[in-house]
Amino acid sequence: MLAALASLALLTGCGKQSIAPGRSPQAHDISLLWWWMLGVATIVFLGAVGLLALAWIRRGTAGLPFVGEREDINRGLVLLFGIGIPVVVLVALFAIADVYLVAQTAAPAAASTSMTVEVIGHQWWWEIRYPGSGAVTANEIHIPVNTRVNVIATSADVIHSFWVPQLARKIDMVAGRQNRILMYASRPGVYRGQCAEFCGLQHANMALEVVAQPVSAYQAWLANMASPARRTSGAAVSTGERAFMGLQCASCHQIRGTPAQATVGPDLTHLATRSTLAGDEIPDDPAQLAAWIRAPQSIKPGSRMPDLGLSTSQVAQIVSYLESLS
Ligand code: CUA
């Protein structure tokens, strides 16, 4: 009973992320298919266990019950249960799964494709680009509800896999290839996604959020995201900006509208608008950001964000600059 409960908790996602309830037609289809497969597998499993129990009860007795020593019937039953039924069941499940897969992979009709998002996997974060708008962000995809979103997935390094279980199936992200998937959210919400292909030390901490919003809120978000950085005024903020540009931060990160134009790490142009840091690992607030800048290797060992050995005041200045970028 405990094992059954534990596996149910695992299947439905006992942590921050869940496969249920599905919030798109695709996710609904996938969970329906999953329940059918579970049902068929349960019937086959119970049948096999039943036959094993029968064999155990009747051990030492010749022949099958009701059949006795009829060799032809015995052989027929073995062929039926050993080959016939498994072949029919597996072929049927394969065909049904294939129909689902093709339906989900089919390129959307031009009229119904409202937008495209490029998602680029990095060890261990997600680069998000909105073609045509200039908007770039990281680890947080905003989409309008009830809109077909054409996701183009690729990788900058090793193979990753883009997976937002409540919205769509998985798609591998392979360097040099552009894989496509349709993403669709039926209602507003924040849907957690996770890298679903082992990609190194911090694979488990390569997560993202999909924020599905009403169309007008999404458009306002996109317009802000496409604009260059606007820091607030104030001494701490401008000192922080100089520190960011003068220390090594600017050699890895981009802040559009400033001299920082590197693309090794995530774009930080509107960092303060994001809800998480470090690939959805920690919340985006000044205290967490300071901890992250001070000792990233203790929060996310192996990540490419180095421990720079900055002083407490340097960290505080940079935090006040970055948290002003809304
Ligand atoms: Cu990226 Cu696992």
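Biologist: Which backbone nitrogen lies 2.8 Å from a polar atom of the side chain of Thr 269?
Modeller: In this predicted model, Thr 269 sits in the loop between α5 (235–246) and β11, and its side chain also makes a polar contact of 2.7 Å with the side chain of Asp 267. The backbone nitrogen that lies 2.8 Å from a polar atom of the Thr 269 side chain is that of Arg 256.

Biologist: Is Thr 269 buried or exposed, and what is its relative accessible area?
Modeller: Leaving aside residues up to four places away in sequence, Thr 269 touches Ser 227, Pro 228, Ala 229, Gln 254, Ile 255, Arg 256 and Leu 325. Because buried means under 20% relative accessible area, Thr 269 counts as buried, its value being 0%.

Biologist: How is Pro 228 classed by accessibility, and with what relative accessible area?
Modeller: Pro 228 is found in the loop between α4 and α5, and beyond four places in sequence it touches Arg 256, Gly 257, Thr 269 and His 270. Since the class between buried and exposed runs from 20% to 50%, Pro 228 is partly exposed, with a relative accessible area of 46%.

Biologist: What distance separates the C-alpha atoms of Pro 228 and Ala 135?
Modeller: Strand β3 covers residues 135–138, so Ala 135 belongs to that strand by the numbering of the DSSP runs. Pro 228 and Ala 135 are 93 residues apart along the chain, and their C-alpha atoms are separated by 9.2 Å.

Biologist: In what sense do β2 and β3 pair, and over how many bridges?
Modeller: The two strands form a hairpin with four residues between them, and Gly 132 in the turn has a positive phi of about 90°. Within the pairing, Ile 128 of β2 stands opposite Thr 137 in β3. Five of the six residues of β2 (residues 125–130) are buried, so this strand is largely enclosed by the rest of the structure. The pairing of β2 with β3 is antiparallel, over four bridges.

Biologist: Which element gives the largest share of the largest nonpolar core, and how many residues does it give?
Modeller: This core has 34 residues, of which Tyr 130, Ile 141, Phe 162 and Met 183 touch the most other members. Elements that give two or more residues to it include β1 (113–122), β2, β5 (148–155) and β10 (207–213), together with α4 (215–226). The largest share is four residues, and it comes from α4.

Biologist: How many residues are in the other core, the one among whose members are Cys 249 and Leu 268?
Modeller: In soluble globular proteins, nonpolar side chains tend to be buried together. Apart from the core of 34 residues lies another, which includes Leu 271 and Ile 282 as well as Cys 249 and Leu 268, and its membership comes to 25 residues.

Biologist: Within what arc do the buried residues of α6 fall when seen down its axis?
Modeller: The buried residues of helix α6 (residues 286–294) are Leu 289, Ala 290, Trp 292 and Ile 293. They pack against β11 (276–277), β12 (282–283), α7 (296–299) and α8 (312–322). These buried residues line one face of the helix, because seen down the axis of α6 they fall within an arc of 160°.

Biologist: Which residue has a side-chain oxygen that reaches to within 3.1 Å of the backbone nitrogen of Ala 287?
Modeller: The contact is found at the start of α6, a helix that spans residues 286–294. The side-chain oxygen in question belongs to Asp 285.

Technical notes:
Residues numbered from 1 in each chain as written. Predicted model: local features only at pLDDT ≥ 70, side-chain atom pairs only at ≥ 80, totals over all residues. Heavy atoms only, no water. Buried < 20%, exposed > 50% of the residue type's maximum accessible area, 1.4 Å probe, protein only. Pairing = 2+ DSSP bridges. Core = buried A, V, L, I, M, F, W, Y, C linked by side-chain atoms within 4.5 Å. Arc of directions from axis to C-beta. Contact = heavy atoms within 4.5 Å. Polar contact = N/O pair within 3.5 Å; in protein donor to acceptor, adjacent residues only side chain to side chain.
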